[in-house]
Amino acid sequence: MTMLKDILEFNGDFVQEKKYEPFITTKYPDKRIVVLSCMDTRLVELLPKAMNLRNGDVKIVKSAGALVSHPFGAVMRSLLVAVYELQADEVYVVGHYDCGMSAVDPEAMLSKMVERGINPETIKMMEYSGIDLKEFLRGFGDVATSVKKSVDTIRNHPLMVKNVPVHGLVIDPNTGRLDLIDDGNKQA
C-alpha cells in the first residue's frame, strides 16, 4: 500500500467518525500571533507545546531554517497576510539548534539533483541566466544570527507596520527550551 493510499484511507475514517470536531475553530488566531518556524519534523508537535499553543491559537508559517530568504517571497507574503487579513498582532521567528539548514552544502545538493534526474544542462542554463544557485541553496552557519536576519527582514519590511512586535527565538529540538534572541517589544 502506498503512503497516499494509507493517508486517504485514514482520512475517510477520520471524517466519517467526526474526529475533526475537537479541532473546529475560526481562521483567526485566538492569541493573535503568527509564528515562522522551521519545517523540521521534531517541531511539529514540540514547538506548539513548548509555546503553550493549541489548535486555533496561532498562524504557523514554515520554511527551511525559518528563513525569510526573499523580502517579496511567499514567506513574507504569508506573514503580511497574517497581520493584515487574519488579525495577528505579533510575529515570532523560531529557529532551532541542530538545524539541517546550517549544514546545507549547495554543491552537494546540486549533485543530488543530478543523481535524481535533473539534467545538468538545466542547472547550467539557470546559472547562465543569472541565477546564483549556490547562493539560493546556501544554508547558514549560526542559527541565532539567522534568526536575527529574518527578524530584521520582517521588522524593516516596507509593508510591515512598525508597531507589530517581531520576536526572535531559538528552540532546543530535544527539550523544547526557548532561548530569546530578540525581544520585539523593545523595538515596537
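A residue is called buried when its relative accessible area is under 20%, exposed when it is over 50%, and partly exposed in between (1.4 Å probe, protein chains only). This is a predicted model, in which local features need pLDDT of at least 70 and side-chain atom pairs count only at pLDDT 80 or more, while totals for chains, interfaces and linings use all residues. Residues are numbered from 1 along each chain as its sequence is written, and side-chain values use heavy atoms, with hydrogens and water left out.

Select Cys 38. With a relative accessibility of 5%, Cys 38 is buried. Now add Cys 99, which is also buried, at 6% relative accessible area. The sulfur of Cys 99 is the closest cysteine sulfur to that of Cys 38, but at 4.0 Å the two are too far apart for a bond. A disulfide here is a pair of cysteine sulfur atoms within 2.5 Å, and the structure holds 0 of them.

Next, select helix 2, residues 43-50. Helices (H or I, at least four residues) and strands (E, at least two) are DSSP runs, numbered from the N terminus. Which residues of helix 2 are buried? They are Leu 43, Leu 47 and Pro 48. Look down the helix axis: these buried residues fall within an arc of 110°, so they line one face of helix 2. The arc is taken from the directions from the helix axis to the C-beta atoms.

Show strand 1 (33-37), strand 2 (58-62), strand 3 (90-96) and strand 4 (166-171): the buried residues of helix 2 pack against these strands, where contact means heavy atoms within 4.5 Å.

Turn to the face of helix 2 that points away from its buried side; the exposed residues Glu 45 and Lys 49 are there. Finish at Asn 52, just after helix 2, which has a positive phi of about 60°.
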